[in-house]
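Reader: Could you walk me through this model and show how each label follows from its cut-off?

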Amino acid sequence: MTRLAGIRGALERNRTLRWVLYSVIVGVVSGLGACLFFVLLEWGSYFFLEYAAGYPLSKPGGEHLVALERSSVFRRWMLLFLPAFGGLLSGLLVYRYAPEAEGHGTDALIDAFHNKNGIIRTRVPYVKGLASIITLSTGGSAGREGPIAQIGAGFGSWVARLLHMNVRERRLMLLAGCAAGLGAIFRAPLGGALTAIEVLYREDFETEGIILCIMSSVIANAIFISIFGQRPIFDIPPIHFANPVELLFYAALGLVCVPFGFAYVKIFYGMRDYFFRRLPLKKSLIPTVGGLMVGLIAYWRPEVMSGGYGTIQEALFGRLPVTLMLSLAVLKILATSFTISSGGSGGVFGPSLFIGAMLGGAVGQVSYGLFPQWVGDPGAFALVGMGAFFAGVAKAPIGALLMVCEMTGGYGLVVPLMFASVIALLCSQGWSLYEKQVLNKFHSPAHRTDMVMNVLQDVKVRDAYDPSLPVTSLPEDMTFRELKRFMVHTRESFFPVVDERFHLKGILSLQDIRTVLFEDAVAELLVVGELASPPVCLSPDESLYEALMKFLASGYGQIPVEEKDLGVVGMLRLEDLMHAYHKEMQRLRED
């Protein structure tokens, strides 16, 4: 116990050591969770889609976990009902045990950060993970990022509660868990970390969490690639950017992403608000209806099922015709809306990559056909479209850019990725795929006190207290009888207790000695130093924010101000602090 207490004390004193340990814990837990999620998803997809339905599910170059042969008979009719079956199972599971696990989990993560003090119930990661595996492996059109973000964030929140962290630290652990999950499942440690701090806001970053997010994401990614290998998810041809004229065509791609992004967001939430929520059914059964609607599309175009990463792989190599890619982009919008807006469990990042790749592939092939002398590989446009589309609908351009680069190894296309993403973002300011996003930190309940804190941090204690006012202090060797005589001649009820050099030794409040006030038997035995509470003091160079924290922790209405060589030189009252705050706010308004 003594050694454990010593470790805790060392962690409390060393902030860097504490956050390193926390990031390792979150990274390990979230990384192992991502590994388990990936294995169950791959085997579930094989069982339902390849073995049961006999569908030749195409996969990207970096994901071939299950090497078994599929069924030789393609039972297309099963595609009609598999998504509905998955919707039924996931709906019953989610609405029975954790209703907040419905839909795309990224919004639930954002909501927990802004409005719920970083708290995600312990059961949510397990329910979300299992429900998402059921949805995706039975053909529901969704992605992995929402589930894994909520799973990782849930683990981070659980660790924070286990270690009794405060609200601020719990929110940062929430982000660290999200970053770790994303960095592992997408093999994108930097992109996962930046996406976690970027997706909270439309025009801001949660910069305070960047170090913790990077460290936990790196740890989780290291665990994941040690098991499944470090090959990127997608293979790409040897493509690069060299012709500046090509930027005109990438700009056109950014503009094409705008109306499709608008349609994606409006259809996604329109289906939820005006169709699924008005169905006269129990909530747990509505995902079944959405699954059946997905099945109707999948019977015609099975490529829209699940994440569709194999189809993205084909677009990156330019192997799909333009008409097919455009039709798949539209159908993917509908299928994703049917799956997630009905309450199914899954993410929207994967479908966004799919839609962007199809749009980019179509623009690339048309541009190459018309202007072969200026346009290089059409597959490059599919890669750029993945990042540009998600940047526009999610307002997360930096995270999207890095995620796409790390998932494909396409770092040679960073310039057109940035260019197209910014164009799509600038033209998509009126809508977002994440409802719980806020504009910036000043619009977040998590940062309501930041303005007050910043103002108070700029004002020192010496600027708020009046050193000319007399301080009524008591010597520590004053007897209790002398104290009672002294009290007759003063109206004060709060006294600093000092030694012979006027250095603070304690605080005496009359409220604390009421129980012995009329005990004459101890009048000569007790001295003030024995009756005083532990000392609480302020330095003139401390900020008013630090002073406010001491007021709140002690419950005192005034606190002694002590200088090193002079001892107690004054008293700071709580009303002095508030007056200084209002004065500083008035000055800022006038400036």
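Author: Gladly. Let us begin with pairing: two strands pair if DSSP finds at least two bridges between them. Helices (H or I, at least four residues) and strands (E, at least two) are DSSP runs, numbered from the N terminus. This is a predicted model, so local features need pLDDT of at least 70 and side-chain atom pairs count only at pLDDT 80 or more, while totals for chains, interfaces and linings use all residues. Residues are numbered from 1 along each chain as its sequence is written, and side-chain values use heavy atoms, with hydrogens and water left out.

Reader: What makes β2 and β3 a pair, and in which sense do they run?

Author: DSSP finds five bridges between β2 and β3 (residues 504-509), and the definition asks for at least two, so they pair; the sense is antiparallel. One position to look at is F494, which stands opposite S509 in β3. The two strands form a hairpin with five residues between them. In that turn, F502 has a positive phi of about 65°.

Reader: How do you know that β1 and β2 pair?

Author: Two bridges join β1 (residues 474-475) to β2, and at least two are required, so the pair counts. These strands run parallel, and P475 stands opposite V498 in β2. Together, β1, helix α19 (residues 480-487) and β2 make a right-handed β-α-β unit. Right-handed here means that, with the strands pointing away from the viewer, the path from the first strand over the helix to the second runs clockwise.

Reader: Why is the pairing in the sheet called mixed?

Author: Strands of a sheet pair through backbone hydrogen bonds, either parallel or antiparallel. In this open sheet the order is β1-β2-β3, and the pairing is mixed: β1 and β2 run parallel, whereas β2 and β3 are antiparallel. The edge strands are β1 and β3, since each pairs on one side only.

Reader: What makes β2 an enclosed strand?

Author: Buried means under 20% relative accessible area, exposed over 50%, and partly exposed in between (1.4 Å probe, protein chains only). Five of the five residues of β2 (residues 494-498) are buried, so the strand is largely enclosed by the rest of the structure. Both faces are covered: F494, P496 and V498 are buried on one side, F495 and V497 on the other.

Reader: How does the span of α6 compare with the expected one?

Author: The expected span of a helix is 1.5 Å times one less than its number of residues. Helix α6 (residues 145-162) has 18 residues, and the expected value is 26 Å. From first C-alpha to last it reaches 25 Å, close to that value. The helix is mostly covered, with 15 of its 18 residues buried. After α6 comes H164, whose phi is positive, near 55°.

Reader: Why is the pair R144 and E63 called a salt bridge?

Author: A salt bridge is a side-chain nitrogen of Lys or Arg within 4 Å of a carboxyl oxygen of Asp or Glu. For R144 and E63 the closest N and O atoms are 2.5 Å apart, so the pair meets the cut-off. It links distant parts of the chain: R144 is in the loop between α5 (124-137) and α6, E63 in the loop between α2 (15-52) and α3 (78-97), 81 residues apart. R144 is buried, and so is E63. A search of the whole structure finds 15 salt bridges.

Reader: Which parts does the salt bridge of R168 and E208 tie together?

Author: Their closest N and O atoms are 2.6 Å apart. R168 lies in helix α7 (residues 167-185) and E208 in the loop between α8 (189-198) and α9 (210-228), so the bridge ties together parts that are 40 residues apart in sequence. R168 has a relative accessible area of 35%, so it is partly exposed. E208, at 38%, also counts as partly exposed.

Reader: Why is E169 called buried?

Author: Its relative accessibility is 12%, so E169 counts as buried. E169 lies in helix α7 and touches R18 and W19 (heavy atoms within 4.5 Å), not counting residues up to four places away in sequence.

Reader: How do you know that C257 has no disulfide?

Author: A disulfide is a pair of cysteine sulfur atoms within 2.5 Å. The closest cysteine sulfur to that of C257 is in C427, 11 Å away, which is too far for a bond. By this rule the count comes to zero disulfides. C257 itself is buried, at 4% relative accessible area, whereas C537 is partly exposed, at 26%.
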